[in-house]
Every structure is written in C-alpha cells, then in structure tokens.
Amino acid sequence: MELAVECQKRAEGSKPNALRRSGLIPAVLYGHKGSESISLTIKAKTVEHLLKKHVVNNALIDLSIPDLSWSGKTLLREVQVHPWKGYPYHLSFFSVATQDSLEVELSLRFVGEPVGVKLEGGILDTVLTQLAVKCKPDSIPEAIEVDISHLKVGDALHIHELVLPAGVVALGEPDQVVVSVLGIQAGSEAEDAEEDAAAAAAA
C-alpha cells in the first residue's frame, strides 16, 4: 500500500515552533541527491493521516515537493515525538529511487492456531512481532505471514525457518526464536520470571 504525500520546501530562517503553531510539521528528505538533504514542511493533518496508515520503515510513500518540481518514492525513516505531549514534531524521509535494496521492518502476521495450544493445552509465546529484512524498493510486502498451526508443545520457530516472499532476505540471527509453544509449567515459570524481573526493577 502506498500513500501520496505533498510537502513544501521550508523557508530559510523559519522557526520550528512557529511552524508547528501554524499547523505545519518540520521534515527532511535524504537520499534524493547523494548526501544532500532538503528541509521541508508538511501539514499536521497530513502527518496525522499518514501515521494512521504507515509505520516507520515498512512502506513506500509517494512524496512530492511541488515548489521544487520533485517527486519520488520514499520511506518514512524516523518520526520524532514530543517526549510528554505525544505529538509528532519532526519527520525524516529517505528517497529510494537510486537504491538497489532496502532494509525495512515488517510486521509478522501469525496464521492458524497451534496444535500445542488447541489440543495439548500449551501457551503460545510470541518472541518477535516484527522482522528486519532486505528487499527491493518496489517489492516491499505489507507483512510476513507465519503459519504456526503445526507447532506442538515444545516446538519453536526460528528466523531461518520462516517462509519469506521471493526476493526478501531476513536480517538478524538465523537461530533467533520467533515464536514457540510452551507447556503449562514452562509458561508459568516464564510468567513468574517476568513478575520477578518487574518487581526487581520497581525496587
């Protein structure tokens, strides 16, 4: 899924806080021309709409800058959020036109109910919900589906065992556990360990 977003070149000398008060969010575009960057502004309402549909680093955005006669496909690389007010106050875009491949974060979409949960009374333990991958700019999947219906109690699925779309390469440790099915006793022990860790942190 791609969205079209329009930005404007940021006027020299403009103050970020004044821009935000006027309904504009400061932004920057990298990668369109070597190491150069362009300072931009984007309407706050556009940012709100964008962030409802897109997550950082996982989908292409058609970015246009009419006053510079530039347009192209980009990734939303970073969203800086106000530390206590919670609203976005700066965005960073990265042009992908000259890139052979990209590193992006994709959501893992678990499909099916594990045998170990349905028939053996086990507990599903989800270790990863996102996966860093490398792929071509024009073939970024919306998510990676992971079939977990065959997992029994004691089974675990690792990164190297995932079935990925053509042209998508997983990054990270191949032996990293993605999801597993714990027995009831193991699940209780894991919960106790988490509670102990939380109590120690609070203390």
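1. An open sheet of four strands runs in the order E11-E8-E10-E13 with mixed pairing, where strands are DSSP runs of at least two residues, numbered from the N terminus, and two strands pair if DSSP finds at least two bridges between them. At its edges lie E11 and strand E13 (169-170), each of which pairs on one side only.

2. This is a predicted model, in which local features need pLDDT of at least 70 and side-chain atom pairs count only at pLDDT 80 or more, while totals for chains, interfaces and linings use all residues. Residues are numbered from 1 along each chain as its sequence is written, and side-chain values use heavy atoms, with hydrogens and water left out.

3. E10 and E13 run antiparallel and are joined by two bridges; Val 133 has Ala 170, in E13, as its bridge partner.

4. The largest nonpolar core (buried Ala, Val, Leu, Ile, Met, Phe, Trp, Tyr and Cys residues joined through side-chain atoms within 4.5 Å; buried means under 20% relative accessible area with a 1.4 Å probe, protein chains only) has 24 residues, and Val 104 and Ile 140 have the most contacts inside it. Strands E8 (102-111), E10 (130-135), E11 (143-147) and E14 (177-182) each supply at least two residues of this core, with E8 giving the most, four residues.

5. Not counting residues up to four places away in sequence, Ile 140 touches Asn 58, Leu 60, Leu 75, Leu 102, Val 104, Leu 106 and Cys 135, contact meaning heavy atoms within 4.5 Å. Apart from the largest core lies another, of 18 residues, among them Val 5, Leu 40, Ile 61 and Ile 65.

6. Ser 69, in the loop between strand E5 (60-65) and strand E6 (70-81), has a phi near 55°, a positive value in a residue other than glycine. Ser 69 is exposed, with a relative accessible area of 71%, exposed meaning over 50%.
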